[in-house]
Amino acid sequence: MVKLEGVALRYGWPSGGAVLHDLNFAIAEGGFRWLLGPSGAGKTSLLRLLTLAVRPTSGRLNLLGVAVERARRAELPLLRRRIGTVFQDFRLLPHLSAFDNVALPLRLAGRPEGQVRADVSEMLRWVGLTSRAEALPPELSGGEQQRVAIARAVVARPALLLADEPTGNLDDVQAERLMQLLRELNRLGTTVVVATHSTALVQRYPGRALVLAQGRLVHDGDSGEAPPPEAVSQHPPDAAR
Amino acid sequence: MARSLRPSGADDLGLRRALSDRLLPLLVAAMTFLAALALAGSMAAEGLAEHWRSGAASMLTVQVPSPEAGAAGGGSRADTVAHILAATPGIESSHRLSADDIAALLKPWLGENPASLALPLPAMFEVRLNGAEFDAGGLAARLSQAVPGTLVERNGAWLARLADLVRSLRGCAALALLVVVFIAAAMVSLATRAGLAWRRDAIEIVHGLGATDGMIAGLFAMRITLLVLGGALLGLVVSMPVLLGLTSLAAPFGSGSAEPLTPAELLRALPPMLWTQLASLPPIAAAIGWVTAQATVRRWLGKLP
């Protein structure tokens, strides 16, 4: 489960400005959330918090049963291995093949090499990249890199899956396959958070949505009731609450 | 928990490019070369000092004023001294310098013919010790009682100065080794920092995927250790011809022979302790590399959440 209570994030503390203010929401285990909002609303910062790339400046953040704000640094690697992330910029290691990029989470978890080979091959087959397994990321198209990033995020069956614009570089068929994968993982118990600008995607797969504006949560409910981005981008945060 | 990113030891962080196998090994080779010279210099100073010490310490000089005068026990004072020296344990041989020998010794002060000056010259005994159970104080007391005015002179002052010189040289060598260690550690730290900067993105990615500090530091330390070990072996190999050349030059001072040493004799001429110390340089350099890389990477990773 994911639970935020009064969470704020400020870069370059104490002099930097706050990018997230007083966030309060919870996602039950196996829950699904769209993360919506205009550019600069704080979606990426919230995802950075949830991927443990930063810790909250204040407030309480509970991820998968671990109180992040109090956790010792040595506890975080194990927690990170239970979180899968699809980054907007893919974040692949350019000197490793597609196969080895996908294999990284399994190897970090200490899985036997035989199991790694089987799981990674299956994952690459699923994303349609079996023939490109030995290609390096610079040799892959944007869409192919996106699929490698997706395969890497889900290969270890994470308990929490975070995706930042996961369909941005995919064609309609691949985007459809990805959404089916996310729904299937969600059905099997994985908590899923997907950040997107695509209203079409949200309309096609309606569900609960978190809407951010200027670093504040302005909506936590059905995606069909979420305010449109152009409305929240001009909305004074205090009034929006 | 996995101890490394990949059991095969593959280059998951791309460190083969980030930590080049050119500059660092060459610098470490230079440091190892200097360390080998410092060790050899220190040991050579000790060896030569020991050689001189054994020569000087095994000699003493006995001066007998009025040698031809009669002693209390009968016979001349010089003969009495000669008898006492012959009966003293620890003395290998004693030799009374001839008048010509004494004249040669005094020539710088008294000219060609000191006898013409009618000076009362003492008799001089050059005594060689065998190193076993010799009691210099006891000998001096016995001589003074039997032949008053007899002087026993050991080369103690020179030995003390020699010991001071050797201590200073060894201190300088130790200081040089410390400086070498410090510079080597600084070089490794700089190279590691450069590698961290070069591979920052890759490190942040694997860190975000759940790599521990130990895994990442281990990859860096392994690469750095291999580079340092290679450099140290290279430096050691390069230092050997120089050390053997210096040994060849120094050999006559130790052996007293001007004959050049054969290669086999040269190798044997290096003391076993020096071989041991030289052989320990690569592992010590590797250990410095490993510890420095681990510390540098872990300190850097400490800035990440």
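Colleague: What pattern does chain B follow, read along the sequence?

Modeller: Along the sequence, chain B reads α-α-β-α-β-α-β-α-β-α-α-α-α-α. That comes to 10 helices and four strands. Helices are DSSP runs of H or I with at least four residues, strands are DSSP runs of E with at least two, and both are numbered from the N terminus. You are looking at a predicted model, where local features need pLDDT of at least 70, side-chain atom pairs count only at pLDDT 80 or more, and totals for chains, interfaces and linings use all residues. Residues are numbered from 1 along each chain as its sequence is written, chains are lettered from A and ligands numbered from 1 in the order in which they are written, and side-chain values use heavy atoms, with hydrogens and water left out.

Colleague: What makes chain B unlike a compact globule of 305 residues?

Modeller: Its radius of gyration. This is taken over C-alpha atoms, and the globule rule is 2.2 Å times the number of residues to the power 0.38. A compact globule of this length would have a value near 19 Å, but chain B has 32 Å. The C-alpha trace of chain B spans about 105 × 35 × 30 Å along its principal axes.

Colleague: Why is chain A called as compact as a globular protein of its length?

Modeller: Chain A, with nine helices and 10 strands, has a radius of gyration of 18 Å, close to the 18 Å given by the globule rule for 241 residues, so it earns that description. Along its principal axes, the C-alpha trace of chain A spans about 55 × 40 × 35 Å.

Colleague: How many residues of chain A count as buried?

Modeller: Of its 241 residues, 53% do, while in chain B 39% of the 305 residues count as buried. Buried means under 20% relative accessible area, exposed means over 50%, and partly exposed lies in between (1.4 Å probe, protein chains only). A good case is helix α1 of chain A, residues 43–50.

Colleague: Why is helix α1 of chain A called mostly covered?

Modeller: Six of its eight residues are buried. They are A:K43, A:S45, A:L46, A:L47, A:L49 and A:L50. After α1(A) comes A:L52, with a positive phi near 65 degrees.

Colleague: What makes a positive phi worth pointing out?

Modeller: Most residues other than glycine have a negative phi. A:L64 is not a glycine, yet its phi is positive, about 50 degrees. A:L64 sits in the loop between β4 (58–63) and β5 (66–67) of chain A. A:R157 also has a positive phi of about 50 degrees without being a glycine, and its place is the loop between α5 (142–154) and β7 (160–164) of chain A.

Colleague: Is A:L64 buried or exposed?

Modeller: A:L64 has 13% relative accessibility, so it counts as buried. A:R157 has a relative accessible area of 58%, so it is exposed.

Colleague: What makes a set of residues a nonpolar core?

Modeller: The members must be buried Ala, Val, Leu, Ile, Met, Phe, Trp, Tyr or Cys residues joined through side-chain atoms within 4.5 Å. The largest has 53 residues, and those with the most contacts inside it include B:L13, B:L24 and B:F220. Among the helices that each supply at least two residues are α3 (98–108) of chain A and α2 (23–57) and α8 (213–255) of chain B. The most comes from α8(B), with 14 residues. A second, separate core has 47 residues, including A:A135 and A:Y205.

Colleague: Which residues is B:L24 in contact with, leaving aside its neighbours within four places in sequence?

Modeller: Contact means heavy atoms within 4.5 Å. By that test, the partners of B:L24 are B:M187, B:V188, B:A191, B:I224, B:L227 and B:V228. In chain B, 83% of the contacts with a separation of 6 or more join residues 24 or more positions apart, and in chain A the share is 63%.

Colleague: How do you know that B:R22 is exposed?

Modeller: B:R22 has a relative accessible area of 64%, so it is exposed. It lies in the loop between α1 and α2 of chain B. B:R22 and B:L227 are 205 residues apart in sequence, and 8.7 Å apart in space, C-alpha to C-alpha.
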